[in-house]
Amino acid sequence: MKNLLLIIFITIALTSYNREDTIDYPHYDIKLTIEPEGHYIDVDCYLDIPNDTRVNTICFYLHKQLLIEELSFNDNKSFTISRDTSDIRYMPCATRYSLNTKGLKNKRVSLHLKYSGRITEWPDLSASVIGERWTEMGLYFPWYPYNPDYTLFTYEVEVLTGDEYRPFLMGSEAMDISWALYKAENPTNDIVFCTSKALKTLKKEIYQYKICLAYSTMSDTLINTLTSDLRKILSLYNKWFPPGGNTLCIVESMREKGGGYARLGGIYLPGFSETDYSESRRPYTRYLAHEISHLWWYRANSNTWEDWLNEGFAEYTALMVLRELHGHEYFDEWIERKREQSEGSDPVWQYDRNGEQAYTILYDKTPLLLFELEQRMGIDPFKQLMWDLLINNVSTTYEFKRILTDLEGKETAEWFEEMLKNY
Ligand SMILES: [Zn+2]
């Protein structure tokens, strides 16, 4: 392991920065200056991390071409920092920094960094890119100090761009000619910054949900079809789920490569054309329904096997949407597909999150188990279960079992636990 030990002496005292001690989620406060055509960014970033009882080090990842000019945390005058190449598959261009924060265990940490650089290296199929035609930067780069252990966080990003470029980030927006300010007050799991000269945005309200479309080439017809499908999905969630995260953005990504992905509250879709959407409308409905349902299903720790609570319910909810909108036959086709896919895979219980079967277990087996549970309980009691899990902010299998026991009794709860362990 290549390990470079640096001693950093602090030259800046943190004087004006003083937040409440009651923050539940890590919070980023970022000033970003960007020149897309020069691939250049300059960032001033505060990261507030609530009390961390686990470790004596703080790690973060940053693109290796970004040069840190200043770094400090709390009132420390000096500390050690080590630097390694990235050990995360989807962040091959990142450097991993570890700060020794001995003595700060159980304390809130406020990290301050200034860094800048020209980002010119990324893998061919990267979903993060920077350039004159289209910029889309998220954790794949990563352009901000990212730590996958902080699964959810909030942010505030102020952007300074040339006046030709239209920036876009998830969250509330305030804008002037040369700057824009974005606040994500609902917790999310990435800070995806997009910009281009052709970018347009459209805001719609559907029920109590605020939908924002950021696009460059989408036609009015496509926007109307998409909005009408979103309305159908949200109308069901409105009935099934208690009020939850209420903002969602859908971004037409102008990349040719790298594929689509979703974040909590945001969906990023390259190659999103009218033909594509009309040819694959039902699969898109499932995809959108899955991603939108994460506005509710996100509370389990996604780095552990208990991620099944997020992904299993999101996927099963999406199948329930298909059943409502496209009928039982289409629903049954999907159930059959899930059954075939999960044939012979390991049980859900304590499965290897980094193993080869993780995808099948999460997206095929867990929705199948929930289907079996729904069969046993009945559709309406199952909807009641979803409701109870959500209003109780359930985030672990243990809590799930307790809620299921309260609703259906010990026998069903133990039967389901057995399914998780052995099916
Ligand atoms: Zn998901």
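**Figure 1. Ile 250 and its partner across the strands S17 and S19.** In this predicted model, Ile 250 stands opposite Ile 267 in S19. The two strands, S17 and S19 (residues 266-270), pair in the parallel sense, and five bridges join them. Turn to the other neighbour of S17 and you will find Leu 213, which stands opposite Ile 250. Ala 214 likewise has a counterpart in S17, namely Val 251. These two facing pairs belong to a parallel pairing of strand S16 (residues 209-215) with strand S17 (residues 247-253), again over five bridges. How much of S17 is covered? Six of its seven residues are buried, so the strand is mostly covered.

**Figure 2. The whole sheet around S17, with a helix lying across part of it.** Stepping back a little, we see an open sheet of five strands in the order S15-S16-S17-S19-S18, and its pairing is mixed. Which strands form the edges? They are S15 (200-206) and S18 (261-263), each of which pairs on one side only. On average, neighbouring strands of the sheet are turned by 15 degrees against each other, with direction ignored. Helix H1 (residues 220-240) lies across S15 and S16. Relative to S15, helix H1 runs at about 35 degrees.

**Figure 3. Gly 258 in the loop between S17 and S18.** This view stays with the strands of the sheet but moves to a loop: Gly 258 is found between S17 and S18. Is Gly 258 buried or exposed? Neither label fits, because 19 C-beta neighbours inside 10 Å make it partly exposed, and a residue needs 20 or more to be buried. Beyond its neighbours within four places in sequence, Gly 258 is in contact with Leu 125, Ser 126, Ala 127 and Pro 270. For a sense of distance, take Pro 36, which is 222 residues apart from Gly 258 along the chain. The C-alpha atoms of these two residues are separated by 19 Å.

**Figure 4. Ile 191 in the loop between S13 and S14.** Here is another loop residue to explore: Ile 191 is found between strand S13 (179-188) and strand S14 (193-196). Ile 191 counts as buried because 24 other C-beta atoms lie within 10 Å. Which residues does Ile 191 touch, leaving out those up to four places away in sequence? They are Tyr 28, Gly 138, Tyr 144, Tyr 155, Val 157 and Leu 169. Ile 191 and Gly 138, one of these contacts, are 53 residues apart in sequence, yet their C-alpha atoms are 5.6 Å apart in space.

**Figure 5. The crossing of helices H4 and H6.** Two packed helices are described by the angle between their axes and the distance between the axes. For H4 (residues 308-326) and H6 (residues 358-377), the axes come within 8 Å and cross at roughly 70 degrees. The two helices are therefore roughly perpendicular to each other, and their crossing is right-handed. From H4, the contact is made by Trp 308, Glu 311, Gly 312, Phe 313, Glu 315, Tyr 316 and Leu 319. From H6, the residues are Leu 362, Tyr 363, Thr 366, Pro 367, Leu 370 and Phe 371. What is the chemical make-up of this contact? Its residues divide into nine nonpolar, two polar and two charged.

Definitions and conventions: Residues are numbered from 1 along each chain as its sequence is written. This is a predicted model: local features need pLDDT of at least 70, side-chain atom pairs count only at pLDDT 80 or more; totals for chains, interfaces and linings use all residues. Two strands pair if DSSP finds at least two bridges between them. Helices (H or I, at least four residues) and strands (E, at least two) are DSSP runs, numbered from the N terminus. Axes are lines fitted to C-alpha atoms, for helices over the stretch in contact, and angles run from 0 to 180 degrees between N-to-C directions. Two residues are in contact if their C-beta atoms, placed from the backbone, lie within 7 Å. A residue is buried if 20 or more other C-beta atoms lie within 10 Å of its own, exposed if 12 or fewer, and partly exposed in between; C-beta atoms are placed from the backbone. Angles under 35 degrees count as roughly parallel, over 145 as roughly antiparallel, 65 to 115 as roughly perpendicular and the rest as oblique. A crossing is left-handed if the near helix is turned anticlockwise from the far one by less than a right angle, and right-handed if clockwise. Ala, Val, Leu, Ile, Met, Phe, Trp, Tyr, Cys and Pro count as nonpolar, Asp, Glu, Lys and Arg as charged, and the others, Gly among them, as polar.
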